[in-house]
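Student: Hi, could you walk me through this one? I'd like to go over the structure with you before I set anything up.
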Amino acid sequence: MKKSLYRSLAKSTIKRHKNLYLPFIINGIFLLIITCICNTIGSERVLKRQFIVNISWLAFLIMLIFSAIIILSTYNFIQKRKYEENGLYMVLGMERKHIVMIMFWEIFYLALIVIVFGCLLGFILYKLSLGLYLNMVNLDTNIFKEGIFQNPFPTFMAGIAFLLIYLILFIVNVNKMRKFSAVDLMRESKAGDKNTKFKSIVAILGLLSLAGGYYISITTKNPMKAITNLFIAVVLVIIGTYLAFSVIIALILNLLKKNKNFYYKKENFAAISGLMFRVKNSSRSLAGITILSTSLMVILTSGLSLYLGTNDKINNLAPSDYVINHEFDEKKDKMELDRLVGEYLKENKLKASSDNYIAYATLAYKDVGTLRAFPKDMAMNDFDSFDKFANVNIILTKNHDNLFKDFSLIEVNKEGKENLKIANFDRKIKVKKYKDIDFKFSRSPDIVDTIYYLTNDKDQFYRLKDLFNSKNETIFHNYGEILMVNKEDNSKKWDTFDVDINNYLSNKGINYYGIISRDEQIAREIQVNSSIFFIGILLGIAFLVSTALFIYYKQLSEGFDDVERFRIMRQVGMTDNEAKSTISKQIGVVVILPIIFTIMHTCFAIPILNQFLKAVGLANLKIMLISMGLSAIFFVIFYAITFLMTEKVYMNLILEKNNKY
């Protein structure tokens, strides 16, 4: 047979089945555009040394893996509808190698359209996305500094990567074709998901995987473990969802079926039996929609939380315009910052208010509700014991005596944690929340449980310091004076204050430890959090489009499968109105199943996601829950609109096909 015939048949197939191929092409173009943008950002000269450059490479790899999975899995929907056509070709005399050649040209044309349009649009839209990002991080940078068009090499590399994905797609489907005869292809076109021989074992493994993922999420109490544990929990939940989805739903439907008063009613009989058929035949697609939806929720929640929590993180690290740290020698504890900085301000005619205190920070060990000095025999890299660690901060302040009227020591409690006793310490301790005191001190992110003890008694401060000093040189501790400075005028000398005061203190013989400028901290946090949010938006778009495609193909596939079934039911007396009512019930239940599982997965993810966000600097559960709520509202609206649109495709297919009989 001539090659031109193969090409003509491939083109004809794509045109005749445009309702199958067009969404597949559009999704591929979207995925490639986002992949191109992620790859180009990683090599953008304007963004040199910006945080987003580092995470864009990770996003690029994620997009390649995700695109490969989506393209391979969604193409299965197309092939299933074409099995009957390929079987007919073989009945008419074509050999398997001829079918393979038609498939080659078909995938070639699909790849050509996706790569050409995807790379072109990615190349064009990149500057727009770059402009949006720079606006988010408040960077006044000329996006055309390196020219109107960016370096084409990253876009070219993304196109090559997608070409390899389509090559893999061709190889996988050729391998499938080798297993089928003409009769097998005819039968495969009407087959649902394959039933395993060990259904009970698979179901138990699925439930155990889900339980394992949920257990890891609930029991992860330390941010140091959150990143690794989150990955393990995600893998377990994905496996569990695929293995247990159909079993859980089938169990619920069987319980309804056993209720004879409910099941043997005209309006329920067809709906329940149809749902059992649907779940059996499309459990993988429903599980896929659930996983995509859950991933979307986690990505949107994480990115939005960090973006909305920028001010919260800044207020913790830099509660004043400048935070200056002077590290003490163990034998020296003279407070000099307030005097020296005051002299500098006076010499330069700068107006400012200040507040200083001494702070000792060290790791402690939690032993059954009691805080003890860190054991000498425990290594810092013993990650299995991180849930037993506590970061203890002892603060001595003489400027806030009004805080200590009725008690000698304050334990500052930020999240309502249980009060811990201090070993060998018998003084009275009062627990107060941070928001309830006027004294604002610099707080680091809660990588481990962080506890603050405030006192105005110098003897008491040193007694506590000695109690927590394990004399172990490998254990982290920090001891020094902290001065907070707030500007009270708009002098231009403040623009170089952080550099000038550093030089001034160095000339005075101060072992200068560090200075945190609130303005610099704001710029840094906005850059980091906005970068994560921006990448999250890109990945979210990929997940949104792919979720919509999965839903569309599921509805279309079920529509083709249900045509014959509804034709038979019409012949035994079902009217059009009853058919529409039954279809609406089935679709309504199928619509809500992935939502229920997505909400369940997301709720169980709250504990470990909260710890993960703590690890990257956001220790605010309220902001995370608000972000999750906003993400859920957006997801449900998107999901509902998508299903309403695809329901019309299904309904028209069922009614149109049956009206022809």
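Student: Which helix gives the most to the lining of the largest pocket?
Tutor: Happy to help, and please keep in mind that this is a predicted model. Helix α10 gives the most to that lining, with 11 residues.

Student: What's the volume of the largest pocket?
Tutor: About 1600 Å³.

Student: And which residues lie nearest its centre?
Tutor: I62, V234, S295, V298 and I299 do, out of 46 residues that line the largest pocket. The elements that give two or more residues to this lining are α3 (51-91), α7 (199-219), α8 (223-258), α10 (266-308), α15 (518-571) and α16 (576-615).

Student: How does the lining divide into nonpolar, polar and charged residues?
Tutor: The lining of the largest pocket has 34 nonpolar residues, 12 polar ones and no charged ones.

Student: OK, new topic. How many helices and strands are there in the protein?
Tutor: The protein has 17 helices and 10 strands. Of its 661 residues, 51% count as buried.

Student: And among contacts between residues at least 6 apart in sequence, what percentage join residues at least 24 apart?
Tutor: That comes to 84%.

Student: Let's talk packing. How many residues does the largest nonpolar core have?
Tutor: The largest nonpolar core has 92 residues, and F24, F162 and Y166 are those with the most contacts inside it. Helix α4 (residues 96-136) supplies the largest share of this core, 17 residues.

Student: What is F24 in contact with, leaving aside neighbours within four places in sequence?
Tutor: F24 is in contact with I71, T74, Y75, I78, L110, Y166, L169, L549 and Y553. There is also a second, separate core of 19 residues, which includes V392, L420, I422 and Y453.

Student: Switching to polar and charged side chains now. Is E525 buried or exposed?
Tutor: E525 counts as buried because its relative accessible area is 6%, under the 20% cut-off. This residue lies in helix α15.

Student: So what does E525 touch?
Tutor: Not counting residues up to four places away in sequence, E525 touches T310, K313, I314, L317 and S530.

Student: And N39, buried or exposed?
Tutor: N39 is buried, with a relative accessible area of 5%. It lies in helix α2 (residues 18-41). Setting aside residues up to four places away in sequence, N39 touches W57, F60, P154, M157 and A158.

Student: Where does M645 lie?
Tutor: M645 lies in helix α17 (residues 621-659).

Student: Why does M645 count as exposed?
Tutor: Because its relative accessible area is 56%, and exposed means over 50%. The C-alpha atoms of M645 and Y552 are separated by 8.6 Å, although these residues are 93 apart along the chain.

Student: Last thing, cysteines. How many disulfides does the structure hold?
Tutor: The structure holds 0 disulfides. C119, for one, is in no disulfide, and the nearest cysteine sulfur, that of C36, is 4.4 Å away.

Student: Is C119 buried or exposed?
Tutor: C119 is buried, at 14% relative accessible area.

Student: And what does C603 count as?
Tutor: C603 counts as partly exposed because its relative accessibility is 44%, in between the 20% and 50% cut-offs.

Student: Great, thanks for going through it!

Key. Residues are numbered from 1 along each chain as its sequence is written. This is a predicted model: local features need pLDDT of at least 70, side-chain atom pairs count only at pLDDT 80 or more; totals for chains, interfaces and linings use all residues. Side-chain values use heavy atoms; hydrogens and water are left out. On a 1 Å grid over the protein atoms alone, a cavity is a set of points where a 1.4 Å probe fits but cannot get out, and a pocket is an open set with protein on both sides within 12 Å along at least five of seven lines; lining residues have an atom within 4 Å of a point. Grid points are joined across faces, edges and corners, and a volume is the space filled by probe spheres set on the points. Helices (H or I, at least four residues) and strands (E, at least two) are DSSP runs, numbered from the N terminus. Ala, Val, Leu, Ile, Met, Phe, Trp, Tyr, Cys and Pro count as nonpolar, Asp, Glu, Lys and Arg as charged, and the others, Gly among them, as polar. Buried means under 20% relative accessible area, exposed over 50%, partly exposed in between (1.4 Å probe, protein chains only). Contact means heavy atoms within 4.5 Å. A nonpolar core is a set of buried Ala, Val, Leu, Ile, Met, Phe, Trp, Tyr and Cys residues joined through side-chain atoms within 4.5 Å. A disulfide is a pair of cysteine sulfur atoms within 2.5 Å.
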